[in-house]
Amino acid sequence: MSGISTCVLASLMFIRAPIPPEPALDPLARGYMGIEVQRDSLVIERVEPGQPAFKAGLRQHDVIVRVGKLEPQLFQQVITHVCSFRPGAVIEIEVQRGNQRKVFQVKLGCRPPELDLSYPVIEPHEIP
């Protein structure tokens with residue numbers, strides 16, 4: 001009897017609950033890096049800790065030179081381009097850091113919903 005209970009006990013020790021698959025990426029979500037830039041420039045002002053740009057190695061004061069094949073002139077172009085990719089996509093970001101150019105592979109995250117809040121548009125004739 002002790003042999004049977006040992007065998008049963010040993011087999012119970014190796015039973016594991018199934019691991020559920022990772023949730024599928026939302027096909028309507030837009031990509032996100034997690035950076036802020038200085039006003040009217042491509043100079044990174046802040047890299048959000050734990051976000052994709054941070055994980056890839058981008059730093060404050062890096063200057064964005066290229067995002068994929070896009071060579072942006074305005075940060076809005078960077079936002080539009082990054083948002084055209086789904087979360088989980090990997091894009092290449094080239095920056096100027098000091099006197100060196102560096103290339104990073106950034107695995108995009110999901111754009112936070114609060115960034116998509118729509119604000120009412122004020123027409124020029126409505127301004128008091």
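Before the residues, one cut-off: a residue counts as buried when its relative accessible area is under 20%, and as exposed when that area is over 50%. What I am showing is a predicted model.

I will start with I93. This residue sits in strand β5. Its relative accessible area is 0%, so I93 is buried. The contacts of I93, leaving aside residues up to four places away in sequence, are M33, L58, R66, V67, K102, V103, F104 and V106. Take R66 from that list. R66 and I93 are 27 residues apart in sequence, and their C-alpha atoms are 5.7 Å apart in space.

Now the chain as a whole. The protein chain has 3 helices and 7 strands. Read from the N terminus, the order of elements is α-β-β-β-α-β-α-β-β-β. The chain has 128 residues, and 30% of them count as buried. Its accessible surface is about 9,700 Å², with 59% of that belonging to carbon and sulfur atoms. As for contacts with a separation of 6 or more, 49% are between residues 24 or more positions apart.

Next, the sheet. Which strands form it, and in what order? It is an open sheet of 3 strands, ordered β4-β5-β6, with antiparallel pairing. β4 and β6 are the edge strands, each pairing on one side only. From one strand to the next, the twist averages 30°. As a general point, strands of a sheet pair through backbone hydrogen bonds, either parallel or antiparallel.

How many bridges join β4 to β5? There are 4. On this side of the sheet, V63 has Q96 in β5 as its bridge partner, and I64 stands opposite V95 in β5.

Between β5 and β6, which also run antiparallel, there are 8 bridges. One residue to look at here is I91, whose bridge partner in β6 is V106. β5 and β6 form a hairpin with 2 residues between them, and in the turn G98 has a positive phi of about 65°.

Helix α3 lies across β4 and β5, and runs at about 40° to β4. One residue in α3 is I79. Is I79 buried, exposed or something in between? With a relative accessible area of 25%, I79 is partly exposed, because the band between under 20% and over 50% carries that label. The C-alpha atom of I79 is 8.3 Å from that of Y32, although the two residues are 47 apart along the chain.

That brings me to the nonpolar core. The largest one has 19 residues, and those touching the most other members are M33, I35, L58, I64, V78, I93 and V106. Which elements supply at least two residues each? They are β2 (35–37), β3 (44–47), β4 (63–67), α3 (75–83), β5 (90–97) and β6 (100–107).

V106 is worth a closer look. Not counting residues up to four places away in sequence, V106 touches M33, P52, A53, A56, L58, A89, V90, I91 and I93. Among these is I91, which we have already met as the residue bridged to V106. M33 and L58 are on the contact list of V106, and both are also on that of I93.

Now a charged residue in the sheet. R97 lies in strand β5. Is R97 buried or exposed? Its relative accessible area is 16%, so R97 is buried. The side chains of R97 and D62 are joined by a polar contact of 2.8 Å. Leaving out residues up to four places away in sequence, R97 touches G57, L58, R59, D62, K102 and F104. K102 and F104 appear among the contacts of I93 as well.

Last, the backbone in two loops. D40 is in the loop between β2 and β3. Its phi is positive, about 55°, although D40 is not a glycine. D40 is exposed, because its relative accessible area is 78%. H61 is in the loop between α2 (52–56) and β4. This residue is not a glycine either, and its phi is positive, at about 80°. H61 is exposed, with a relative accessible area of 52%.

To go back to the start: I93, at 0% relative accessible area, is one of the core residues that touch the most other members.

Conventions
Residues are numbered from 1 along each chain as its sequence is written. This is a predicted model: local features need pLDDT of at least 70, side-chain atom pairs count only at pLDDT 80 or more; totals for chains, interfaces and linings use all residues. Side-chain values use heavy atoms; hydrogens and water are left out. A nonpolar core is a set of buried Ala, Val, Leu, Ile, Met, Phe, Trp, Tyr and Cys residues joined through side-chain atoms within 4.5 Å. Buried means under 20% relative accessible area, exposed over 50%, partly exposed in between (1.4 Å probe, protein chains only). Contact means heavy atoms within 4.5 Å. A polar contact is a pair of N or O atoms within 3.5 Å; within protein, one must be able to donate a hydrogen and the other to accept it, and residues adjacent in sequence count only if both atoms are side-chain atoms. Two strands pair if DSSP finds at least two bridges between them. Axes are lines fitted to C-alpha atoms, for helices over the stretch in contact, and angles run from 0 to 180 degrees between N-to-C directions. Accessible areas come from the Shrake-Rupley method with a 1.4 Å probe; for residues, only the protein chains shown count as cover.
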